[in-house]
Amino acid sequence: MKGTAKRTGKVWRLEEAKSRLGEVVDEAKKHGPQVIRRRGVEAAVVLSFDDYVKLVKPKESLVEFLASSPLVGSEIEVERSGAVRRSSA
(Lines give C-alpha, C1' and ligand atoms only; values in the text may rest on other atoms or scores of the structure.)
Protein backbone atom coordinates (compact mmCIF):
# COMPACT_ATOMS: atom_id res chain seq x y z
CA MET A 1 0.00 0.00 0.00
CA LYS A 2 1.33 3.38 -0.98
CA GLY A 3 1.17 6.18 1.61
CA THR A 4 -0.13 5.90 5.14
CA ALA A 5 -3.89 6.05 4.54
CA LYS A 6 -5.81 3.01 5.67
CA ARG A 7 -8.00 1.63 2.92
CA THR A 8 -11.39 0.09 3.45
CA GLY A 9 -12.62 0.17 -0.13
CA LYS A 10 -11.61 -1.38 -3.41
CA VAL A 11 -8.90 -0.31 -5.85
CA TRP A 12 -10.22 0.21 -9.39
CA ARG A 13 -8.44 0.54 -12.72
CA LEU A 14 -9.47 3.78 -14.44
CA GLU A 15 -11.08 2.01 -17.39
CA GLU A 16 -13.12 -0.20 -15.06
CA ALA A 17 -14.16 2.73 -12.87
CA LYS A 18 -15.31 4.71 -15.91
CA SER A 19 -17.48 1.89 -17.21
CA ARG A 20 -18.87 1.03 -13.75
CA LEU A 21 -19.12 4.48 -12.15
CA GLY A 22 -22.47 3.77 -10.51
CA GLU A 23 -21.01 0.72 -8.80
CA VAL A 24 -17.94 2.70 -7.70
CA VAL A 25 -20.22 5.29 -6.08
CA ASP A 26 -22.36 2.61 -4.40
CA GLU A 27 -19.23 0.94 -3.03
CA ALA A 28 -17.97 4.27 -1.68
CA LYS A 29 -21.26 4.76 0.15
CA LYS A 30 -21.27 1.22 1.59
CA HIS A 31 -17.60 0.43 2.17
CA GLY A 32 -15.63 3.66 2.22
CA PRO A 33 -13.26 5.44 -0.15
CA GLN A 34 -12.61 3.82 -3.53
CA VAL A 35 -9.16 4.29 -5.01
CA ILE A 36 -8.78 4.71 -8.78
CA ARG A 37 -5.50 3.84 -10.45
CA ARG A 38 -4.35 5.24 -13.76
CA ARG A 39 -1.46 3.43 -15.44
CA GLY A 40 -0.83 1.53 -12.22
CA VAL A 41 -0.52 4.68 -10.09
CA GLU A 42 -3.07 5.80 -7.50
CA ALA A 43 -4.63 8.86 -9.10
CA ALA A 44 -7.99 9.61 -7.47
CA VAL A 45 -10.39 8.67 -4.70
CA VAL A 46 -14.18 8.49 -4.79
CA LEU A 47 -15.76 9.32 -1.43
CA SER A 48 -19.32 9.18 -0.21
CA PHE A 49 -20.78 12.64 0.37
CA ASP A 50 -20.89 11.97 4.14
CA ASP A 51 -17.17 11.12 4.17
CA TYR A 52 -16.44 14.27 2.16
CA VAL A 53 -18.38 16.46 4.61
CA LYS A 54 -16.45 14.95 7.53
CA LEU A 55 -13.20 15.62 5.72
CA VAL A 56 -13.84 19.30 5.00
CA LYS A 57 -15.79 20.15 8.15
CA PRO A 58 -13.96 22.95 9.97
CA LYS A 59 -12.32 21.83 13.18
CA GLU A 60 -13.31 23.72 16.28
CA SER A 61 -10.79 26.20 17.63
CA LEU A 62 -9.01 25.70 20.94
CA VAL A 63 -11.23 28.40 22.46
CA GLU A 64 -14.37 26.56 21.31
CA PHE A 65 -12.99 23.25 22.59
CA LEU A 66 -12.24 24.70 26.03
CA ALA A 67 -15.60 26.48 26.16
CA SER A 68 -17.41 23.19 25.55
CA SER A 69 -15.43 21.34 28.21
CA PRO A 70 -17.44 19.61 30.94
CA LEU A 71 -15.15 21.41 33.42
CA VAL A 72 -16.50 24.85 32.47
CA GLY A 73 -17.89 26.46 35.62
CA SER A 74 -16.31 23.90 37.94
CA GLU A 75 -14.21 26.65 39.52
CA ILE A 76 -11.03 24.58 39.38
CA GLU A 77 -8.07 26.77 40.18
CA VAL A 78 -4.93 26.26 38.14
CA GLU A 79 -1.62 27.59 39.34
CA ARG A 80 1.40 27.90 37.13
CA SER A 81 4.64 26.47 38.39
CA GLY A 82 7.68 28.70 38.15
CA ALA A 83 10.00 25.68 37.77
CA VAL A 84 10.28 25.70 34.00
CA ARG A 85 10.53 28.92 32.05
CA ARG A 86 10.92 29.56 28.38
CA SER A 87 13.99 31.39 27.25
CA SER A 88 13.55 34.55 25.24
CA ALA A 89 16.07 33.72 22.53
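A contact here means heavy atoms within 4.5 Å. With that in hand, welcome to a short tour of this predicted model.

**View 1. The whole chain, with four helices and three strands.** Reading from the N terminus, the elements follow the order β-α-α-β-β-α-α. Of the contacts with a separation of 6 or more, 28% link residues 24 or more positions apart. Buried residues account for 12% of the 89 residues in the chain. The accessible surface totals about 8200 Å², and carbon and sulfur atoms contribute 55% of that area.

**View 2. An open sheet of three strands with mixed pairing.** The strands are arranged in the order 1-2-3. Strand 1 (11–13) and strand 3 (41–46) each have a single partner strand, so they form the edges and each keeps one side without a neighbour in the sheet. On average, neighbouring strands are turned by 35° against each other, with direction ignored. As a general reminder while you look at the side chains, those of a regular strand alternate between the two faces of the sheet.

**View 3. Strand 1 beside strand 2, running parallel.** Strand 2 covers residues 34–38, and three bridges connect it to strand 1. Which residue of strand 2 does arginine 13 stand opposite? Its counterpart is arginine 37.

**View 4. The hairpin of strand 2 and strand 3.** Here the pairing is antiparallel and extends over five bridges. Arginine 37 turns up again in this view, standing opposite glutamate 42 in strand 3. Two residues lie between the two strands of the hairpin. Do take a look at the backbone of arginine 39 in the turn, where phi is positive at about 55°.

**View 5. A nonpolar patch on the surface.** This patch of about 670 Å² is built from Val45, Leu47, Phe49, Tyr52, Val53, Leu55 and Val56. Which element supplies the largest share of the patch? Helix 3, spanning residues 49–56, provides five residues.

**View 6. Phenylalanine 49 up close, in helix 3.** Is this side chain's residue, phenylalanine 49, buried or exposed? Phenylalanine 49 has a relative accessibility of 61%. The cut-off for exposed is over 50%, so phenylalanine 49 falls in that class. Phe49 is also one of the residues that make the nonpolar patch of the previous view.

How values were computed
Residues numbered from 1 in each chain as written. Predicted model: local features only at pLDDT ≥ 70, side-chain atom pairs only at ≥ 80, totals over all residues. Heavy atoms only, no water. Patch = residues over 30% accessible without salt bridge, like charges linked within 9 Å, V, L, I, M, F, W, Y side chains within 5 Å. Areas by Shrake-Rupley, 256 points an atom, 1.4 Å probe, with all protein chains shown as cover. Salt bridge = Lys/Arg side-chain N within 4 Å of Asp/Glu carboxyl O. Buried < 20%, exposed > 50% of the residue type's maximum accessible area, 1.4 Å probe, protein only. Pairing = 2+ DSSP bridges. Axes fitted to C-alpha atoms, helices over the stretch in contact; angles between N-to-C directions.
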